[in-house]
Amino acid sequence: MRKILFMHGGSGNHGCEAIIRTTAPLLGGPENVWLWSLTKTEDVRYGAADFYENIVESEQIKRYSCAHLEAWIKRKVLNDSNANMNVFLKNLFKGNMAVSVGGDNYCYPWSARKAVELDKQIRKYCACSVLWACSVDAEAITPEVREDLAGFDLITARETITYNLLKEINPNTVLVADPAFLLKGTEAALPDHFIEGNTVGINISPLIMQYSADNIILENYVNLIHYIIERTDMNVCLIPHVVWKYNNDLEPIDFLYQKFEKTGRICKIEDGNATELKGFIARCRFFVSARTHATIAAYSSYVPTLVVGYSVKSKGIARDLFGTDEGYVIPVDNMCANGELTDAFAGIMQNERKIRDHLNRMMPEYLKRANCTEILRKIGLCEDQV
């Protein structure tokens with residue numbers, strides 16, 4: 001039985017890349033582990049394709065094959081406008097394990113609706129279905145979504161807020177940690193003005209800007225950098241984690257860099273694969289992040305971190321690590337003053353040693369939760385090669 005990962009948008013989102021890099025080995029890959037990717041070229045470019053036996057793209061049907069003929073007949077004779085996709089899904093998933101790796105898809109109502117429709121089609125053919133390392137917002141659970149969640153043979157929830165929510169819906173829910181916690185970082189050359197061990201890494205994304213009608217969020221970042229440069233001896237490094245054209249961290253990063261470039265205390269990372277970005281993050285003294293998987297890279301490298309959060313996943317992971325999200329996550333949807341980020345960062349600075357010691361003590365045990373191999377064995381979903 002093959003394991004087919006789906007709901008992967010491409011490795012230009014380095015959080016998605018981190019998940020598929022770390023999930024494949026947990027499922028026994030690369031042998032018998034396939035990836036359905038919406039952007040295969042990105043997976044190849046960043047090296048994530050190396051972890052999979054095969055990567056397929058949507059509606060990829062070999063010409064002159066039986067499947068190609070079946071799709072043609074359904075399209076031309078039966079007037080089935082979805083023929084190509086239906087035949088593609090049948091060919092890919094029939095008799096195989098379907099593993100949905102889009103962990104964020106149930107955080108938002110619009111993406112949850114799309115997931116429901118695709119899951120219905122895939123379950124017509126697959127041997128079993130798994131929702132992998134997910135976070136789920138209660139507001140996204142409509143009756144249709146509830147029915148969909150109940151249909152999975154296994155759900156691995158990456159934090160306790162989601163676990164407690166889903167356990168009532170589907171008893172086949174287990175608590176894990178995001179597999180990206182297992183990602184190994186690699187060390188690339190540091191840019192000028194990056195002082196190893198005395199630099200604040202900062203991640204900002206266009207996505208969080210949508211949570212404010214004015215510029216309050218960007219103003220908070222500007223004031224934070226002012227504070228670091230004027231009140232501390234630390235430098236600043238701006239680090240992207242998503243570089244898709246329609247959702248590109250480099251756009252607000254370029255704005256902040258140009259604003260402070262003349263200080264000689266700031267640098268930026270243009271891009272890199274997930275392991276390289278983790279290597280930069282790991283060499284920071286502190287980290288401030290809007291992207292969940294950039295945050296995970298920092299946590300797992302024992303770097304004291306402040307999260308600029310916008311969904312249940314940020315709060316849930318922080319609570320699992322520290323027992324509370326207060327002081328560790330600042331919700332962007334409630335941000336109303338331009339000094340909130342700076343005040344919260346000052347709290348992280350004040351508790352630097354305590355936070356670092358806590359992460360060093362508890363992270364080894366926490367990482368064991370990210371390894372789902374034994375769970376899959378026990379419930380009989382992975383009897384071969386795992």
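Let me start with one term: a residue is buried if its relative accessible area is under 20%. Keep that cut-off in mind. This is a predicted model.

Take phenylalanine 93. Its relative accessible area is 0%, so phenylalanine 93 counts as buried.

Now the overall picture. The protein has 386 residues, and buried ones make up 55% of them. There are 16 helices and 15 strands. Next, the contacts. Take those with a separation of 6 or more: 69% of them join residues 24 or more positions apart. The accessible surface is about 16700 Å². Carbon and sulfur atoms account for 49% of that surface.

On to the rings. How many aromatic pairs does a search of the whole structure find? It finds eight. One of them joins tryptophan 36 and phenylalanine 93. The ring centres are 6.2 Å apart, and the planes meet at 65°, which makes this pair edge-to-face. Where do the two partners sit? Tryptophan 36 is in strand β2, residues 33-37. Phenylalanine 93 is in helix α4, residues 83-93. The two are 57 residues apart, so the pair links distant parts of the chain.

Is tryptophan 36 buried or exposed? Its relative accessibility is 6%, so tryptophan 36 is buried. Its partner, phenylalanine 93, is buried as well, at 0%.

A second pair: phenylalanine 322 and tyrosine 328. Why is this one called stacked? Because the planes are at 5°, and the cut-off for stacked is under 30 degrees. The ring centres are 4.0 Å apart. Phenylalanine 322 has a relative accessible area of 16%, so it is buried. Tyrosine 328 is at 14%, so it is buried too.

Back to tryptophan 36 and phenylalanine 93 for a moment. They belong to one aromatic cluster, together with Phe6 and Phe88.

Next, a charge over a ring. Which residue lies over the face of phenylalanine 152? That is arginine 123, at 4.4 Å from the ring centre.

Last stop: tyrosine 108. Look in the loop between β4, residues 97-100, and α5, residues 109-122. Tyrosine 108 is in a loop, yet it is buried, because its relative accessible area is 16%. Now find isoleucine 141. In sequence, tyrosine 108 and isoleucine 141 are 33 residues apart. In space, their C-alpha atoms are 9.2 Å apart.

To recap the rings: tryptophan 36 with phenylalanine 93 is edge-to-face, and phenylalanine 322 with tyrosine 328 is stacked.

Definitions and conventions. Residues are numbered from 1 along each chain as its sequence is written. This is a predicted model: local features need pLDDT of at least 70, side-chain atom pairs count only at pLDDT 80 or more; totals for chains, interfaces and linings use all residues. Side-chain values use heavy atoms; hydrogens and water are left out. Helices (H or I, at least four residues) and strands (E, at least two) are DSSP runs, numbered from the N terminus. Buried means under 20% relative accessible area, exposed over 50%, partly exposed in between (1.4 Å probe, protein chains only). Contact means heavy atoms within 4.5 Å. Accessible areas come from the Shrake-Rupley method with a 1.4 Å probe; for residues, only the protein chains shown count as cover. Rings of Phe, Tyr and Trp (its six-membered ring) pair if their centres lie within 6.5 Å; planes under 30 degrees apart count as stacked, over 60 as edge-to-face and the rest as tilted. A charge sits over a ring if NZ of Lys or CZ of Arg is within 6 Å of the ring centre and within 35 degrees of the ring normal.
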